[in-house]
Amino acid sequence: MNRFDLPDLGIGVGLRTVHYAHILGTRPDVDWFEALSENYLDTGGRARFVLEKIAEQYPIVLHGVSMSIGGTDPLDFDYLRKLKALGQAVKARWISDHLCWTGVSGRNVHDLLPMPYNDEALHHTAERVRIVSDFLEMPLVVENPSSYVEFTTTTMTEWDFLAALAAESDCGLLLDVNNIYVSSFNHGFDPKVYVDAIPADRVVQVHLAGHANHGTHIIDTHDNFVIDEVWSLYARACARIGDVSTLMEWDADIPDFETVHAEARKAEAFRSVEVAYAAV
Amino acid sequence: MQRSEASGVGSGEWGVGATSPISDLGPPTPDSRLPRLAPLQEWMQGVVTHPGDVYQAAAEAALGVDSVILPSASLQPIQRVGLYHGMYMLRMIEALTIDYGSVAHFLGEEAFEKLVRAYVQRFPSRSYTLNRLGDSLPEFIATSALKRRIFLRDLASLELAMTHVFDEAEAEPLPGDAIASIAPERIAEARIVPIPALRLLSLDYDANEAFQAWRDERPMKPQRRKSWVAIHRHDYGVRRMPLSREAFTFLGSLVAGQTIGDAIAAFHRRIKRLPEQDELFTWFRDWSAAGLFAAIEVT
């Protein structure tokens with residue numbers, strides 16, 4: 001159990017538009033859903049209706065891409081107000097976003113742009129995480145991103161940065177083991193060292209996904225099955241963390257719901273600590 | 001911090017001595033030639049969103065890419081930041097293709113990409129959602145040098161209205177017999193409250209027919225003739241209802257908040273006749289059945 005007493009929700013699936021009819025029509029045996037916050041903030045249409053229907057039947061977690069928690073523009077309190085209201089409306093178990101920035105000077109690039117990992121960025125981000133957590137009245141859960149560049153101004157590893165950020169801001173962590181693998185390939189570090197260094201009691205949730213390997217680099221496309229190396233990292237994470245809410249993301253070339261759910265349920269094989277240790 | 005759009009590549013401030021917008025955020029980086037957080041983000045955004053290729057972006061940047069980005073075992077710094085640069089424009093094109101499918105189809109892939117590249121330079125996203133990225137595309141097209149720009153403006157206006165209606169707040173439609181239940185002597189004072197998910201368009205081209213042709217995979221033929229259309233949502237589905245000039249005039253007055261009596265008077269001024277009783281009956285019957293009205297108020 002994490003230090004926030006946030007529950008292990010089991011194995012969940014990312015809620016996607018193409019699956020709405022299937023979910024409403026068949027009520028599949030899924031433990032929980034993660035909804036992309038921005039898709040539901042400014043709509044009174046079908047998406048919001050469906051989310052509220054699903055929230056009546058399943059636990060919901062909100063996962064955002066536009067908080068820009070590492071950005072240097074002021075925090076967007078209009079966005080945060082809407083996010084908080086949405087969280088209350090669907091009884092979100094927690095709210096997460098990425099360790100990244102998404103734009104400056106009032107613009108949004110709509111990408112999860114990487115941070116330099118140094119003291120300046122750490123203190124800046126920690127202060128913003130604290131403000132957001134206070135505003136939301138729940139600890140923000142921060143996800144490690146996948147990235148394709150490293151900055152010359154970086155002075156610490158990403159895992160040290162995340163651990164320090166969690167300690168300084170008292171946030172939860174969403175450990176994306178696919179992102180760890182992607183970044184380890186792109187930057188040439190050992191992903192096992194990363195997993196081993198994460199403060200286990202901060203981890204509230206784990207993400208799984210597929211990616212696209214281009215030989216010289218990997219892009220985090222969320223358009224495929226989880227590869228064996230990522231399952232191994234997941235097993236390693238489970239061995240350290242214990243049973244933890246786990247979610248399968250699939251965002252492009254999305255197959256039918258049963259395929260995504262079946263891929264997610266492979267995680268069950270690693271969730272017992274004994275099994276996980278054996279697999280490491 | 002809100003800067004003008006002109007502050008693009010190379011506009012960041014560098015080093016410890018520079019006037020940084022985050023100068024109170026901790027000690028400087030060890031090497032004072034390297035950018036602190038805010039200028040680093042300005043620099044990277046400038047490179048990533050540059051309308052040219054990443055080499056042009058790098059050439060125009062205030063600092064060399066190699067001084068900001070480290071190489072990997074297999075990619076040079078410019079190749080690494082180029083991944084973000086390439087994905088940015090693909091994302092913009094994808095988002096606008098979703099919202100403006102018929103415009104994209106009519107223009108063709110190459111011309112639409114060129115339009116998007118120019119558009120996002122002038123109207124970059126300033127929202128946390130990509131859903132609003134295309135809000136200024138109709139006006140951008142209207143002032144562009146595109147051939148058929150008035151037709152394309154109308155087509156884009158139609159598709160923009162559809163995205164707005166898609167996201168509008170839901171409202172319970174008025175029962176079909178609600179208007180008939182008003183005492184005849186009070187009907188002129190009645191005010192109709194439309195559902196939020198309703199937009200009325202007056203167009204120079206028959207964009208609705210062109211849009212339907214695209215949906216039906218028929219050739220899109222721009223027909224220059226005035227047309228009027230109501231875009232609305234029913235059972236969470238976006239619908240398009242062609243209107244006559246007369247129906248548009250009357251419905252427009254109601255949607256603007258006029259009483260039924262004032263809407264009839266406005267109709268008389270614009271159409272130079274009073275609406276026929278049969279016309280009014282048919283309009284109210286059809287509009288009620290389509291769920292265009294949320295309430296009726298009699299003061």
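**Notebook: chain contact, barrel and H261(A)**

I looked first at the contact between the chains, which takes 44 residues from chain A and 52 residues from chain B. The model I worked from is a predicted one.

On the side of chain A that touches chain B, I listed the elements that give two or more residues: α2 (46-55), α4 (119-136) and α6 (177-187) of chain A. I noted that α4(A) supplies the largest share of that side, five residues. By residue class, I recorded 13 nonpolar, 21 polar and ten charged residues on the side of chain A that touches chain B.

I then traced the sheet of chain A. Eight strands close into a barrel with parallel pairing, in the order β1-β2-β3-β4-β5-β6-β7-β10. From one strand to the next, I found an average twist of 30°.

I followed one pair within the barrel. Strands β4 (residues 95-98) and β5 (residues 141-143) of chain A run parallel and are joined over three bridges. For H98(A), I identified E143(A) in β5(A) as the bridge partner.

Next I checked a helix against the sheet. Helix α8 (residues 228-241) of chain A packs on it and touches β6 (172-176) and β7 (203-208) of chain A. I noted about 170° between the direction of α8 and that of β7(A).

Last, I examined H261(A), which lies in helix α9 (residues 257-265) of chain A. I classed H261(A) as partly exposed because 18 other C-beta atoms lie within 10 Å, whereas a buried residue needs 20 or more. Leaving out residues up to four places away in sequence, I found that H261(A) touches V13(A), P28(A) and V30(A). I also recorded that H261(A) and M248(A), 13 residues apart in sequence, are 7.8 Å apart in space, C-alpha to C-alpha.

How values were computed
Residues are numbered from 1 along each chain as its sequence is written. Chains are lettered from A and ligands numbered from 1 in the order in which they are written. This is a predicted model: local features need pLDDT of at least 70, side-chain atom pairs count only at pLDDT 80 or more; totals for chains, interfaces and linings use all residues. Two residues are in contact if their C-beta atoms, placed from the backbone, lie within 7 Å. Helices (H or I, at least four residues) and strands (E, at least two) are DSSP runs, numbered from the N terminus. Ala, Val, Leu, Ile, Met, Phe, Trp, Tyr, Cys and Pro count as nonpolar, Asp, Glu, Lys and Arg as charged, and the others, Gly among them, as polar. Two strands pair if DSSP finds at least two bridges between them. Axes are lines fitted to C-alpha atoms, for helices over the stretch in contact, and angles run from 0 to 180 degrees between N-to-C directions. A residue is buried if 20 or more other C-beta atoms lie within 10 Å of its own, exposed if 12 or fewer, and partly exposed in between; C-beta atoms are placed from the backbone.
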